[in-house]
Amino acid sequence: MARVLHLFNVFGALTERAMLDYTLGLSREFDLTVGCETLAADAPVVEFPVVRLRRVEVEPTEDVAAEMKRIAEQVDDPERQRLLGERFDLVHGHFGPRILQGAAWLRRGVPMVVSTYGYDVGRLCRDRSWVERYRWAARSGATFVALARFMEERLLEFGLPRERVRRIHLGIVLGEHAYKPQPAPARPRFVFVGRFVDKKGADVLIEAMGALVREHRLDARLDLIGGGPNEAALRAQAARLGLEEHVRFVGMVPFARLFDYLHGCTAMVQPSVVAPDGDAEGAPMVLMTAQVSGVPCVTTRHSGNPETIPPIGQRFV
């Protein structure tokens with residue numbers, strides 16, 4: 001059985017459910033080990049080893065090649081040094097920065113796959129040092145996986161060789177989600193699910209709700225499910241627009257209870273945008289899960305969203 005080392009920043013994070021799900025799914029086919037810098041408080045109990053790794057710190061630099069050579073050769077983390085003594089057939093890094101942990105394996109000729117998810121081809125790469133680090137990793141044998149065409153094109157724009165970039169869409173297990181379409185409520189009810197950060201566009205949605213209520217006289221409700229650094233600003237925005245009776249902040253909801261809110265809504269709305277710092281969406285898993293469960297979805301033509309909800313009759317290959 002092939003041995004695979006998965007590298008995470010945070011293992012078991014609720015906001016990174018897709019990575020967790022398919023890593024756990026692969027445990028049936030491969031001999032897995034996880035190396036992570038942080039273990040989430042609610043991380044699942046797993047049968048394979050989970051090893052805590054020391055974070056590799058970097059700063060913007062003019063000589064990326066020398067930096068990466070040093071990182072690959074001077075391993076001062078005892079746990080990473082111990083793992084380097086084991087045999088792995090593949091290293092899989094989740095998010096671009098995992099090339100820092102994976103550099104030592106690349107130097108030893110171990111194949112590496114780097115899955116990118118959004119911010120790591122947007123905001124992170126505004127620092128040209130990261131573009132050069134990606135190029136170094138590609139030259140050293142790493143293959144980069146993009147979840148959507150937009151992300152694939154960005155990686156190619158960075159100068160990564162075509163043969164070192166693959167586009168592989170994420171998917172979900174259909175049998176795990178019952179298809180239960182329900183009639184829309186008499187009072188329109190929209191649902192947002194996500195972190196309260198710029199790229200998720202919750203402020204755009206609140207502004208749209210204001211227009212529905214003020215200009216169209218529509219007695220609608222918006223349920224905002226999630227939390228994050230923008231929550232105070234979003235609450236203030238809703239109050240400023242006089243939407244206290246129309247916008248409800250639900251808070252964080254366990255995945256098992258998410259469909260208590262989604263089923264029977266008018267639509268789930270995902271108004272993703274490019275954040276001022278360049279952060280951008282990857283391919284929201286909640287859009288896939290909602291669709292397969294029979295929940296109508298509305299989203300913006302942004303990043304991987306159109307490939308998650310392609311136009312009728314159109315296929316993305």
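A residue counts as exposed when its relative accessible area is over 50%, as buried when that area is under 20%, and as partly exposed in between. Keep that handy: Asp 260, at 56% relative accessibility, counts as exposed. What you're looking at is a predicted model, and its protein chain has 11 helices and 12 strands. The radius of gyration is 21 Å, close to the 20 Å that the globule rule gives for 317 residues, so the chain is as compact as a globular protein of that length.

**The whole chain**

- Line the chain up along its principal axes and its C-alpha atoms fill a box of roughly 65 × 40 × 40 Å.
- Buried residues account for 51% of the 317 residues in the chain.
- Take the contacts between residues at least 6 apart in sequence: 69% of them join residues at least 24 apart.
- About 15400 Å² of the protein chain is exposed, and carbon and sulfur atoms supply 52% of that area.
- The chain carries 41 positive and 40 negative charges, and the mean positions of the two sets are 2 Å apart.

**Helix α4 and Ile 99**

- Helix α4 covers residues 99–107, and 8 of its 9 residues are buried, so the helix is largely enclosed by the rest of the structure.
- Among the buried residues of α4 are Ile 99, Leu 100, Trp 105 and Leu 106.
- Gln 101, Gly 102, Ala 103 and Ala 104 are also buried in this helix.
- Just after α4 comes Gly 109, which takes a positive phi of about 85°.
- Ile 99 sits in helix α4, and with 0% relative accessibility it counts as buried.
- Which residues does Ile 99 touch, leaving aside its neighbours within four places in sequence? The contacts are Met 68, Met 112, Val 114, Trp 130, Arg 133, Tyr 134, Ala 137 and Phe 144.
- For a sense of distance, Ile 99 and Phe 259 are 36 Å apart in space, C-alpha to C-alpha, and 160 residues apart in sequence.

**Salt bridges**

- Side chains of opposite charge can pair when their charged atoms come close.
- In this model the count comes to 25 salt bridges.
- One of them joins the side chains of Glu 37 and Arg 55, at 2.9 Å from N to O. Glu 37 lies in strand β2 (residues 31–39) and Arg 55 in the loop between β3 (50–52) and α2 (64–73), so this pair ties together parts that are 18 residues apart in sequence.
- Is each partner buried or partly exposed? Glu 37 counts as buried at 12% relative accessibility, while Arg 55 is partly exposed, with a relative accessible area of 48%.
- Glu 152 and Arg 167 form another salt bridge through their side chains, at 2.7 Å from N to O. Here the link runs between distant parts of the chain, with Glu 152 in helix α6 (residues 149–157) and Arg 167 in strand β7 (residues 165–167), 15 residues apart.
- In that pair, Glu 152 is buried, with a relative accessible area of 9%, and Arg 167 counts as partly exposed at 24%.
- Arg 257 and Asp 260 also meet in a salt bridge, at 3.8 Å from N to O. Arg 257 is partly exposed, with a relative accessible area of 41%, whereas Asp 260 counts as exposed because its 56% relative accessibility is over the 50% cut-off.
- Salt bridges also link up into a network made of Arg 3, Asp 31, Glu 79, Arg 82 and Glu 86.

Conventions:
Residues numbered from 1 in each chain as written. Predicted model: local features only at pLDDT ≥ 70, side-chain atom pairs only at ≥ 80, totals over all residues. Heavy atoms only, no water. Helix = DSSP H or I, 4+ residues; strand = E, 2+ residues; numbered from the N terminus. Rg over C-alpha atoms; globule rule 2.2 N^0.38 Å. Buried < 20%, exposed > 50% of the residue type's maximum accessible area, 1.4 Å probe, protein only. Contact = heavy atoms within 4.5 Å. Areas by Shrake-Rupley, 256 points an atom, 1.4 Å probe, with all protein chains shown as cover. Lys, Arg positive; Asp, Glu negative; His and termini not counted. Charge placed at Lys NZ, Arg CZ, Asp CG, Glu CD. Salt bridge = Lys/Arg side-chain N within 4 Å of Asp/Glu carboxyl O.
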